[in-house]
Amino acid sequence: AGAWPQSAELGWLRNGVGVNYFGAMPSINHSDPISRGRIKPYLIFNVAAANTLPDRPVTLYLTAKNLTDRDYIVDRTHGIRVGMPLLIQGGIEVGL
């Protein structure tokens with residue numbers, strides 16, 4: 001697996017972009033027809049942004065993972081297991 005994280009600060013906005021590459025993997029259980037074969041390589045694209053409000057201990061953030069919402073196989077040991085679908089999270093962090 002490989003990763004390419006990149007981040008930057010643009011004044012009040014912090015942001016980041018990430019790409020994860022997972023190469024082809026052989027399956028472990030060769031006797032089960034579902035588990036046989038190679039798992040194809042795949043790329044996952046992620047982004048994140050955060051904004052700290054001026055003169056306040058409050059940070060707003062937004063994260064998105066698997067932007068393409070592509071189905072991909074991560075394991076075949078106990079049947080086919082797919083990876084995480086598109087996930088978008090946001091929130092508020094308050095410092096006390």
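In the predicted model, a nonpolar patch on the surface is formed by Val 17, Tyr 21, Leu 43, Phe 45, Val 47, Leu 62, Leu 67, Leu 86 and Ile 88, which together expose about 740 Å² of accessible area. Two elements, strand E2 (13–22) and strand E5 (42–52), each give two or more residues to this patch, and of the contributing elements E5 gives the most, with three residues. Another member of the patch, Leu 62, is found in strand E6, which spans residues 58–65.

The protein that carries this patch contains nine strands and zero helices, so that, by the assignment of strands as DSSP runs, the order of elements from the N terminus on reads β-β-β-β-β-β-β-β-β. Its accessible surface comes to about 6900 Å², and carbon and sulfur atoms account for 61% of that area. Of the 96 residues in the protein, 22% are buried. Among the contacts with a separation of 6 or more, 43% are made between residues that lie 24 or more positions apart.

Strand E6 pairs with two other strands. With E5, E6 runs antiparallel and is joined by six bridges; within this pairing, Leu 62 of E6 is the bridge partner of Ala 49. The hairpin of E5 and E6 has five residues between the strands, and in this hairpin Asp 55 takes a positive phi near 60°. With strand E9 (residues 87–94), E6 pairs over eight bridges, likewise in the antiparallel sense, and here Ala 64 has Ile 88 of E9 as its bridge partner. Both Leu 62 and Ile 88, each named in one of these bridge pairs, also belong to the nonpolar patch on the surface.

A further residue of E6, Thr 59, has a relative accessible area of 12% and is therefore classed as buried, the cut-off for that class being under 20%. When neighbours within four places in sequence are left aside, Thr 59 is in contact with Arg 14, Ala 50, Asn 51, Thr 52, Gly 91, Ile 92 and Glu 93. One of these residues, Thr 52, also takes part in a polar contact, in which its side chain lies 3.1 Å from the side chain of Thr 59. The contacts of Thr 59 thus include residues whose numbers fall within the range of E5 (42–52), among them Ala 50 and Asn 51, and residues within the range of E9 (87–94), among them Gly 91 and Ile 92.

Note on methods. Residues numbered from 1 in each chain as written. Predicted model: local features only at pLDDT ≥ 70, side-chain atom pairs only at ≥ 80, totals over all residues. Heavy atoms only, no water. Patch = residues over 30% accessible without salt bridge, like charges linked within 9 Å, V, L, I, M, F, W, Y side chains within 5 Å. Areas by Shrake-Rupley, 256 points an atom, 1.4 Å probe, with all protein chains shown as cover. Salt bridge = Lys/Arg side-chain N within 4 Å of Asp/Glu carboxyl O. Helix = DSSP H or I, 4+ residues; strand = E, 2+ residues; numbered from the N terminus. Buried < 20%, exposed > 50% of the residue type's maximum accessible area, 1.4 Å probe, protein only. Contact = heavy atoms within 4.5 Å. Polar contact = N/O pair within 3.5 Å; in protein donor to acceptor, adjacent residues only side chain to side chain. Pairing = 2+ DSSP bridges.
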